[in-house]
Amino acid sequence: MNNQSTENISGEDWTMVIRPKRHLLELDLKEIWRYRDLIYLFVKRDFVAKYKQTVLGPLWFIIQPLLTTLMFTVVFGKIAGIPTEGLPNILFYLSGIVGWNYFATCLNETSATFITNASIFGKVYFPRLTLPVSIVVSSLITFVIQFVFLIAFIIFYAFRGVSIQIGPEVLLVPVLVIMMAGLGLGFGIIISSMTTKYRDLLHLVKFGVQLWMYATPIIYPLSEIPEKYKPYVIANPMTPVIETFKTAMLGVGEVNYMHLLYSLGFTVGILAIGIIVFNKVEKNFMDTV
Amino acid sequence: MPKTVIELEDIAKQYRLGVVGTGTLSHDLNRWWARFRGKEDPTKKISASNELSKVDTKFVWALKDINLEVSEGTVLGIVGKNGAGKSTMLKLLSRVTGPTTGEIRVRGRIASLLEVGTGFHPELTGRENIFLNGAILGMTRKEIDRKFDEIVEFSGVKKYIGTPVKRYSSGMYVRLAFAVAAHLESEILIVDEVLAVGDAEFQKRAIGKMKDVSTSGRTVLFVSHNLTAVEQLCNKAVLMQNGTITMDGQVGDILEAYRKSSLEIGEVKPYGTNQVEFISYSINDLNGNEIKEIKLGDSFKVLANIKFNEDVESTDLSLDVRNDSNEFISHVTNMDDQFFIAENKRGEQKTIEITLKNFSLAPGIYYISLWLGNMYGTFNYLENCLRLSVKQGEAFIQRNYPFDKRSRAVLQSSWEQKSD
């Protein structure tokens, strides 16, 4: 449609040139860095606004995973009797839930970026990627609180005589957290970019993530899966992440570094695709929303 | 010679009508499946029965052939009717959406103010919102820190700066929002109609602040329907019509041309779902003769023939009156007279007669817009589709010299002397 971008403007000191189409890989990540104050303020907003006028405030960060854990303990531990590698049910579920929650929140919330912020996006420009990034950061705060809570539980059980062997994998925890965030963000912004055209996806995401949880070893250990089906479960990029996370925290699980490497590759890939797609869509999405 | 800070070259923006907003995955899947089987596009077939299908694949040029250079320190007023492309142009400049063709070159930082209070969060305090809003508009925290006291001072809500803004009155809210925007430090400022909010006192202050900004050597692009504000603020102006810039020059000339052009009824662009539509409409005297002119105090009728393209339980009809500066004057609806247009069958046509009694707005030119719809949306909206000229006459006021031009409406009076 246009091929005039070849015009030589290098002689002039323009600070900004707006052209119809951006090159696919023309990412301005520096710009996001310039807007880091905005990311900080978005994080603060999310954090403050979420618990204003609630009685329990930030306690909700802990109540939610705790109640989920108790429910899993009753349903899957007591009634269904799914084994948890000899550990107390609560510890086993809680560690899985804390890890999964971070990924799921990142995915769920970033996937609505364009739709929920359409009114702001329609009025002012700032690098759109700042919003999903701020969601990842504010969810990280939630994760850290829940993580500390998990450690408290582990210590509590350790004192009561449950033998918990924290493996050397514990050093990998920061990497695992980054992978959870990366996978959630990557999938989230891809879906977000597609929701500008297909609203249906928004409905799909909510329960899609729920179903996905059952395909990830949260309520069951990977070792309980019959060999025949294992490759399918491991193909899920979240499986090695969660399994390694559990091994790091509780000392039980199957760590396979090849699988983890596969997950890492998957994370990098999905994140790269996500950023490229998001970057392409953000420019004109106001015309379709 | 001041240097050019904004340059627009062959800018055009195309919108696709009809397709917008209907994008659900199922539609597209349906379409692919139909194409795969070699059948006709099913979504096309469904909509073929109504008018909208004609628009379905139609492209509309919201902007065409825009070439413009703005030099440093210019306060440029952009005037034009609704739909002339002013807002689209500002959207392109503020990077909310991209152009279809062409190139925009800018020197310096742009801050755009298409709305006051963008991103304000009701739960946050005034202080927190100043920082958030400032950052959204492109300021860093340091800059906001430096300007914080000034912003609070200007907004006049110092006492409530630690209160969540949801507890603010709407006036306080707008003042705070404008205060943040007014303290932006960008070289180029883009402003759209924001002065239309707030009370008269605040508007005065806002215009004053804008004047300060413009005399400080910064470049301002200002879109407004408030011609007085444009006259006061701008030192250059452009006139936009149907997506192009038709005139570029001195403010006085442009405003005169704009006033003249707005006297004619342009092409009326219908808007809405078209479930019900206007077939014909006219202004008539009480005897049923079509007229274009009345005398002050006369009663007249607006006749609207409407057609139902679908079964519609009930529809409301309303009529807006605007003056020749496109200022909203009055609104009349069927509900005013407890009149209902109900039980309408597809294909049916009805003629609705609206009598406006003793017209008492000041002599001048008025435009009437017609609207059909219900609480869920608009069926058919025709903006400024009728023009009415009101002469002074003798029926209502009997002075033998022209009525004062500053007046908006006419109060009927009777006089007598009391004997003591």
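# Exercises on a predicted two-chain model

Chain B holds ten helices and 18 strands. The model is predicted.

**Exercise 1. Describe the secondary structure of chain A and compare its make-up with that of chain B.**

Step 1. Count the elements: chain A has twelve helices and one strand.
Step 2. Put them in order. Starting at the N terminus, chain A runs β-α-α-α-α-α-α-α-α-α-α-α-α, with the strand ahead of the helices.
Step 3. Set chain B beside it: ten helices and 18 strands.

**Exercise 2. What share of each chain is buried, and what supplies the exposed area?**

Step 1. In chain A, buried residues account for 51% of 289.
Step 2. In chain B, 48% of the 420 residues count as buried.
Step 3. Turn to the surface. Chain A exposes about 13,900 Å², with carbon and sulfur atoms supplying 68%. Chain B exposes about 21,700 Å², and there carbon and sulfur atoms supply 49%.

**Exercise 3. Give the extent of chain A and the placing of its charges.**

Step 1. The C-alpha trace of chain A spans about 75 × 50 × 35 Å along its principal axes.
Step 2. Chain A carries 22 positive and 18 negative side chains.
Step 3. The centres of these two sets lie 6 Å apart.

**Exercise 4. Within each chain, what part of the contacts joins residues at least 24 apart in sequence?**

Step 1. Take contacts between residues at least 6 apart in sequence. In chain A, 79% of them join residues at least 24 apart.
Step 2. Under the same condition, the value for chain B is 72%.

**Exercise 5. Is B:Glu128 buried or exposed, and which residues of chain A does it touch?**

Step 1. Locate the residue: B:Glu128 belongs to helix H5 of chain B, residues 126-136.
Step 2. Apply the cut-off. Buried means under 20% relative accessible area. B:Glu128 counts as buried because its relative accessibility is 19%.
Step 3. List the contacts. Leaving aside residues up to four places away in sequence, B:Glu128 touches A:Lys44, A:Val48 and A:Lys52.

**Exercise 6. Describe the nonpolar cores.**

Step 1. The largest nonpolar core has 130 residues. Those with the most contacts inside it are A:Trp100, A:Phe126, A:Met238, A:Phe245, B:Ile130 and B:Phe222.
Step 2. Helix H4 of chain A (residues 89-110) gives the most to this core, with 13 residues.
Step 3. Apart from this core lies another, of 35 residues, including B:Ile283, B:Leu361, B:Ile368 and B:Leu372.
Step 4. Return to B:Ile130. Among the residues that B:Ile130 touches are B:Ile144, B:Phe148, B:Ile161 and B:Val180.

Conventions:
Residues numbered from 1 in each chain as written. Chains lettered and ligands numbered in written order. Predicted model: local features only at pLDDT ≥ 70, side-chain atom pairs only at ≥ 80, totals over all residues. Heavy atoms only, no water. Helix = DSSP H or I, 4+ residues; strand = E, 2+ residues; numbered from the N terminus. Buried < 20%, exposed > 50% of the residue type's maximum accessible area, 1.4 Å probe, protein only. Contact = heavy atoms within 4.5 Å. Areas by Shrake-Rupley, 256 points an atom, 1.4 Å probe, with all protein chains shown as cover. Lys, Arg positive; Asp, Glu negative; His and termini not counted. Charge placed at Lys NZ, Arg CZ, Asp CG, Glu CD. Core = buried A, V, L, I, M, F, W, Y, C linked by side-chain atoms within 4.5 Å.
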